[in-house]
Every structure is written in structure tokens, then in C-alpha cells.
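User: I'm new to this structure and would like a close look at one part of it. Could you pick a spot in the middle of things and walk me through what surrounds it?

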Amino acid sequence: MNHNLLKAQYAVRGELYNKAVEMAAAGKEIIYTNVGNPQQLGEKPITFNRQVQALVSCPSLMDNPKAVELFPEDVVARAKQCLGQLSGALGAYTDSRGSMSIRKEVAEFIERRDGVPADAENIFLTDGASVAVRYLLNAAIRDENDAILVPIPQYPLYSASIQLYGGTLLPYYLKEEKGWGMDAESIRKSIHEARAAGTNVRAIVFINPGNPTGQCLTGDDLKELVKLAYDEGLVLLADEVYQPNVYQTEKPFISAKKTLAELGAPYNTGVELASFHTVSKGVMGECGLRGGYVELVNMHPGTIDQIYKAASINLSPNTTGQLSMSLMTNPPKPGDASYPLWKKEMDEGLASLTRRAHVVTDAFNALHGVSCTFVEGAMYAFPKLELSEGAIAAAKAAGKTPDTFYCLSLLEDTGIVTVPGAGFGQEEGTFHFRTTILPQEKEIQKFCTLFAEHHNKFLAKY
Ligand code: DCS
């Protein structure tokens, strides 16, 4: 077999998840906080989006006289418009970059967000952001001497894909004591050391808001990153999938593209940027519909052609995901029949996530031997565990890393599935785990209580 496939690891669906599936098959109740998958934990889809999806999936419903009773008029009009955007049918292939008309909606969304022009020609619709990330990594990595800078802790899409494409991951460590902030000077140092040793450092990934770390970058952090990419000739891979998931007002989301524009010359035209977004996150959480996009900024036209070729090999991104992207980037407007309900669902969804970010962070910080940076954004908490020598010895005897040992004990005792910190990378000698903040509000207290009970038992035992 391909040794790169054999070597690749993806902890979000790793040992803990497999054990949970086994336990679920044996009838145990499992709380799936290993994946940022809101609807699996009971989040309701946004009504407008699903009404349009329903009519686009089954256009004959629109001819049914009852449709006017069941669906607001703007839903019917929008479904007709969406069908037109998708070659007239949900079951037809589209252009390999996705529907041009939906790419234009994405471009308008980006323009409204940043106040900077966006060109639909440079936007590709993909089956979730994952596929877009992999197009870029595939294009950038030529051989194992090519390195991609990735934050540690990171979301393992990056480590796994870099391995699959036969490249090298060059880590840069986020500083937990500074709220998982980044340190541009130490990144520059790693680049220079790697280059001195003959490695070609090609691109830098950053995740804002962060997964698994939950931090939001400031405008100054982003400027540092852009300058670094410019000075070092790196492609900037901006993973901005959690841009709507911000739970505080001090550090609002600022895009990398807007930062380029604010910095002006030479950065605004001198940094190659790929920005990724998705329908899987935010409040809609349409993970299973697999809609994503990448905007390529200042990218060489030859590169864009090659990425188009790579997309062409897949024929077409799926149309349900494209439709979902259209609905995300071009939602109902004030005055539309569906606007009040849409607005209420979106506002309540964000308010609820914000409350859950606080509840989870506070619950972890109330425990002995656990410290957790406030979840400023995204969908995860990444607490640090102080484990006793007894616990570390017991883990060793069981042939597990201490964080895996802890997470397995938690799973066996409570049914809560988390992901050990090792799956994301962590400073040597520190132990973490990741959980989502996604249990529903009526369940979240139970989640916190179950967690605390196990934690105290674990402390007493070891
Ligand atoms: N980028 C980041 C930072 C992510 O967290 C995810 C998904 C993706 C990209 C890809 O998402 P889509 O392909 O669905 O657009 N996050 C995974 C996770 O950590 N838990 O759930 C999924």
C-alpha cells in the first residue's frame, strides 16, 4: 500500500471514536462531543434553508396547491431561482468549480463582509472546506522536502493531508499561557532554521477562530501573519470556517483578505492567499450537506488553472452543498416573508452557543487539576489536565498516552467521547483533551456533572 496512507492519522475519528461506536452497539448511551457536528446532538436546521432545499429536491411540490399553505412565498420564489442556478435540476452535474451564479453570491457575501471586491472567477465551491484545503495542499506539496507550517495544536485535516501528499509538517506552537496566541518571531526562527537545513517552506496555515483551541486572532496578529507570509514568500492558507462562531465582542472576526487590503502595498497584491469557509459550522451546522468554498486571492492564474483541473477530475461539487452555500451567503432580507423567523433562529442559535461556551469553560475551570482558556470562538474547549504520577504510570502500564488513558476512562465511565490532545499536537509533557461545546442547553448541565463526577473519581483513584 501507499506508505503515506498507512502513516496518516486522524484522531477525531480515531481510537476513542471506535470504542464509542462499540459501546453504542452494546446499548450504552454515548454523548458525541468528539466532532463539531451540531445536528448530531440535536441542533435544529434553519427552517428557511430546509424549506428551499425541500422544494429544490422535489420540484413537483411547487405545483401542489397546498405548497402555498406550507411554504412562504419567498421560499417558493427562491427554490425556483435555485433550480435555475443548478442547471435546472438538483440531480445534474454543475461546472467543476460550482455554479457560477452561486459563486457570484459568495463573492457578494465576501464583499459585504470585508468591504473589498471579490471575483467569482477566483472562488471554487467544494464538498465541504476539507476538499478545498486538500486541493491547495496537493498543489503546494511536490515532495517530502516541501514543508507546510501548521499551528500546534491543529485540526488533523492538516497533518493527515500533508502526510497523504507526501510533504512535511513544520510545526509552530501556539502559546497556551497567552490564550493560545501566536508568536511571529518564533515562527520566523523556525522558517529560517528549516530553510538552513535545506527544507522548502511553502505555506503557512492558520485557523481563526481556532480549532481545537477556541482563540480569536486580533487585527494585530493578522497583520503580523500577513507580513510574515510576504517577507518569507509563503502562501497564506486561512482556515476561516468558524468565522460566524464568535462568543465575545473584544475580538470580532477579521478576515485575512480584509487585513491584506488594510495593510495596502506591497501586501495587498504581494501575498498569495487561500481563504476557506463552510456550511458545516456557524449556527446552521449543515455538516452532512458538504458545502464549502475557497477564495483564491493574488494567486497566479496558472495555479488557478491547475486547481480547476484538479476539481474537474471530480466532475462537480455536490449540488446540495452548493445550494446550502447559496442559502448561507444570500439569506432572506428584511421585508421577505421568511426574514423574521430566519433572524430569530440565527440570533437565538448564536446566543445559545455563547452561553454554552461560558458554561463549559467555567465547569472545567472549577475542577481541581484542570485549566481551560475561555472559548472565544469556534466550537471546542481544549482544557489542560494536570495528571498525577500515579495516573501517568497507570497509563504507561496500559500502553496508552496519559491523555488517551484519561479520555478512555471518561468514555467508559460516562459515555462522553472526547479526543486526546495528542491527536492535535501539544507541547511535550503537557496533556489536554478536546470536547465540543455542542450538547444542547437542556443537556449541557448533565454533561458537565457527568464530567466532574468522573474527574473526581479519577483523581481519587490515581
Ligand atoms: N477546518 C477546520 C478548522 C475544521 O474544524 C473543519 C471541520 C474543517 C475545516 C472542515 O469542515 P468541512 O469539510 O465540513 O467544511 N472540523 C471537524 C472537527 O474538528 N470536528 O468536526 C469536524
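Analyst: What follows is a walk around helix α14, with a few side trips along the chain.

First, some ground rules. This is a predicted model, where local features need pLDDT of at least 70, side-chain atom pairs count only at pLDDT 80 or more, and totals for chains, interfaces and linings use all residues. Residues are numbered from 1 along each chain as its sequence is written, and side-chain values use heavy atoms, with hydrogens and water left out.

Helix α14 covers residues 319-329. Helices (H or I, at least four residues) and strands (E, at least two) are DSSP runs, numbered from the N terminus. How many of the residues in α14 are buried? It's 10 of 11, so the helix is mostly covered. Here, buried means under 20% relative accessible area, exposed means over 50%, and partly exposed is in between, using a 1.4 Å probe and protein chains only. The buried set includes Leu323, Ser324, Ser326 and Leu327.

And what do those buried residues pack against? Three of the partners are helices: α3, α5 (73-85) and α6 (100-114). The others are strands β2 (123-126), β7 (273-278) and β8 (292-297).

Let's take α3 (residues 47-57) first, where you'll find Gln53. Gln53 is buried, at a relative accessible area of 6%. If you skip its neighbours within four places in sequence, Gln53 is in contact (heavy atoms within 4.5 Å) with Thr320, Leu323, Ser324 and Leu327, plus Leu289.

Next comes α5. The axes of α5 and α14 come within 11 Å and cross at roughly 130 degrees. That makes α5 oblique to α14. For the labels, under 35 degrees counts as roughly parallel, over 145 as roughly antiparallel, 65 to 115 as roughly perpendicular, and the rest as oblique. The axes themselves are lines fitted to C-alpha atoms, for helices over the stretch in contact, with angles running from 0 to 180 degrees between N-to-C directions. This crossing is also right-handed. That's the term when the near helix is turned clockwise from the far one by less than a right angle, while anticlockwise would be left-handed.

Who meets whom there? Arg78, Cys82 and Gln85 from α5 meet Leu323, Ser326 and Leu327 from α14. It helps to remember that an α-helix has 3.6 residues a turn, so residues three or four places apart point the same way.

Cys82 is worth a pause, since it's buried at 0% relative accessible area. Its closest cysteine sulfur, in Cys58, is 15 Å away, which is too far for a bond. With a disulfide taken as a pair of cysteine sulfur atoms within 2.5 Å, the count comes to zero. Cys448 tells a similar story: it's buried at 8%, and its sulfur sits 11 Å from the closest one, in Cys372, again too far for a bond.

Now the start of α14. There, a side-chain oxygen of Asn318 reaches to within 3.0 Å of the backbone nitrogen of Thr320. This is a polar contact, meaning a pair of N or O atoms within 3.5 Å; within protein, one must be able to donate a hydrogen and the other to accept it, and residues adjacent in sequence count only if both atoms are side-chain atoms.

Back up a little and you reach the loop between α13 (301-313) and α14, which holds Leu315. Leu315 isn't a glycine, yet its phi is positive, near 65 degrees. At 43% relative accessibility, Leu315 is partly exposed. Trp180 also has a positive phi, about 60 degrees, without being a glycine, but Trp180 is buried at 4%.

Going the other way along the chain brings you to helix α15 (residues 339-365), the home of Asn365. Asn365 is partly exposed, at 38%. Leaving out neighbours within four places in sequence, Asn365 is in contact with Val370, Ser371 and Cys372. A polar atom of the Asn365 side chain lies 2.7 Å from the backbone nitrogen of Cys372. Asp347 belongs to α15 too, and is partly exposed at 40%. Its C-alpha is 8.7 Å from that of Val283, although 64 residues separate Asp347 and Val283 along the chain.
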